[in-house]
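Open the model in your viewer and keep the selection tool ready. The tour goes stop by stop, starting with a charged side chain.

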Amino acid sequence: MKKFIKPDNLSAKEKKKSIIKIFLLIAVILAFTYYKTSLEKEKKQLLSSNYEITICEVVGFNNSKINGNEFEYFVNNKSYKYPNNNSLEFCKGEYFKIKYSKVNPDICKIFLTKPVVKDRNDYIEVTAEVKSSETFTLTKIEFNYIYLDKRYKRFVYINNSSEYKINNKYRIIVNKTNPKIAYLKNTVSFL
């Protein structure tokens with residue numbers, strides 16, 4: 001039984017054009033990959049040597065270009081905004097530590113595992129139960145808690161998942177005016 005390969009209907013000139021288009025597409029993809037790699041390398045270099053740490057604030061949820069939170073931080077009284085495409089939606093008014101380049105403050109890294117509380121008096125300590133834990137680049141855990149007779153669920157990022165066991169209870173702090181904001185007590189920095 002013979003298998004027949006269908007002949008293509010392209011002329012020699014059309015085949016040549018198609019091959020050129022394929023090579024151009026490959027060249028564009030390679031150039032883009034090289035560009036992205038060099039940008040990431042430059043970002044790592046700038047953030048490893050000449051940097052400062054400050055605080056950034058969640059100023060909203062940005063879904064125009066990417067789904068994620070928008071963070072704002074200030075360097076020399078100038079505002080910088082950074083859209084972050086993390087899977088968690090944080091509440092407006094939450095704060096985190098951020099590292100930025102002194103050479104180019106637009107280049108930054110947000111530490112989503114390092115929440116910051118500006119005023120300890122805005123928070124109250126309660127007990128929460130860890131319900132789930134997932135590890136990808138960061139570990140995301142879910143905990144449930146009750147504040148003023150209402151049940152809440154919160155997801156947060158942490159560095160060390162081995163510290164928190166599912167169904168165990170841990171001390172958290174809850175924002176009194178916005179109880180959706182809560183953190184595991186030992187992950188928070190206080191100003």
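Select arginine 171. Its relative accessibility is 39%, so arginine 171 counts as partly exposed; buried means under 20% relative accessible area, exposed over 50%, and partly exposed in between, with a 1.4 Å probe and protein chains only. This is a predicted model: local features need pLDDT of at least 70, side-chain atom pairs count only at pLDDT 80 or more, and totals for chains, interfaces and linings use all residues. Residues are numbered from 1 along each chain as its sequence is written, and side-chain values use heavy atoms, with hydrogens and water left out.

**Stop 1: the charged network**

Which side chain meets arginine 171 in a salt bridge? Add glutamate 125: the N to O distance is 2.8 Å. A salt bridge here is a side-chain nitrogen of Lys or Arg within 4 Å of a carboxyl oxygen of Asp or Glu. This pair links distant parts of the chain, with glutamate 125 in strand β6 (residues 123-135) and arginine 171 in strand β9 (residues 169-175), 46 residues apart. Strands and helices are DSSP runs numbered from the N terminus: E of at least two residues for strands, H or I of at least four for helices. Glutamate 125 is partly exposed, at 32% relative accessible area.

Now select lysine 185. Lysine 185 also forms a salt bridge with glutamate 125, and the closest N and O atoms are 3.0 Å apart. Lysine 185 sits in the loop between β10 and β11 (189-190), 60 residues from glutamate 125 in β6. With 38% relative accessibility, lysine 185 counts as partly exposed.

Move to glutamate 129. Its salt-bridge partner is lysine 169, with the closest N and O atoms 3.6 Å apart. Again distant parts of the chain are linked: glutamate 129 is in β6 and lysine 169 in β9, 40 residues apart. Lysine 169 is exposed, with a relative accessible area of 57%. Shared partners join Glu125, Arg171 and Lys185 into one network of salt bridges. Over the whole structure, the search finds seven salt bridges.

**Stop 2: the open sheet**

Switch to cartoon view. Five strands form an open sheet, in the order β8-β7-β6-β9-β10, with antiparallel pairing. Two strands pair if DSSP finds at least two bridges between them. Which strands stand at the edges? Select β8 (150-158) and β10 (182-184): each has a single partner strand, so one side of each is left without a neighbour in the sheet. Neighbouring strands of the sheet are turned by 40° against each other on average, direction ignored. The axes behind that angle are lines fitted to C-alpha atoms, for helices over the stretch in contact; angles run from 0 to 180 degrees between N-to-C directions.

Zoom in on β7 (residues 139-147). Nine bridges join β7 to β8, and the two run antiparallel. Isoleucine 141 has valine 156 in β8 as its bridge partner. Lysine 140 stands opposite tyrosine 157 in β8. Then go to the turn: the hairpin of β7 and β8 has two residues between the strands, and leucine 148 takes a positive phi near 50° there.

**Stop 3: a covered strand**

Select β5 (residues 108-117). Eight of its 10 residues are buried, so the strand is mostly covered. Strand β4 (residues 95-101) runs antiparallel to β5, joined by six bridges. Isoleucine 98 pairs with isoleucine 110 in β5. A hairpin of six residues joins β4 to β5.

Now show β11 beside β5. These two pair in the parallel sense, over two bridges. For valine 116, the bridge partner in β11 is serine 189.

**Stop 4: the cysteines**

How many disulfides does a search of the whole structure find? Zero; a disulfide would be a pair of cysteine sulfur atoms within 2.5 Å. Select cysteine 56. The closest cysteine sulfur, in cysteine 108, is 7.6 Å away, too far for a bond. Cysteine 56 is buried, at 1% relative accessibility. Cysteine 91 is in no disulfide either, and its nearest cysteine sulfur, that of cysteine 56, is 15 Å away. Cysteine 91 is buried, with 15% relative accessible area.

**Stop 5: the nonpolar patch**

Finish on helix α1 (residues 12-49), where phenylalanine 23 lies. Phenylalanine 23 is exposed, at 57% relative accessible area. Turn on the surface and select Ile19, Ile22, Phe23, Ile26 and Leu30: they make a nonpolar surface patch of about 520 Å². Patches are made of residues with over 30% relative accessible area and no salt bridge; like charges are joined within 9 Å, nonpolar side chains (Val, Leu, Ile, Met, Phe, Trp, Tyr) within 5 Å. Accessible areas come from the Shrake-Rupley method with a 1.4 Å probe, and for residues only the protein chains shown count as cover.
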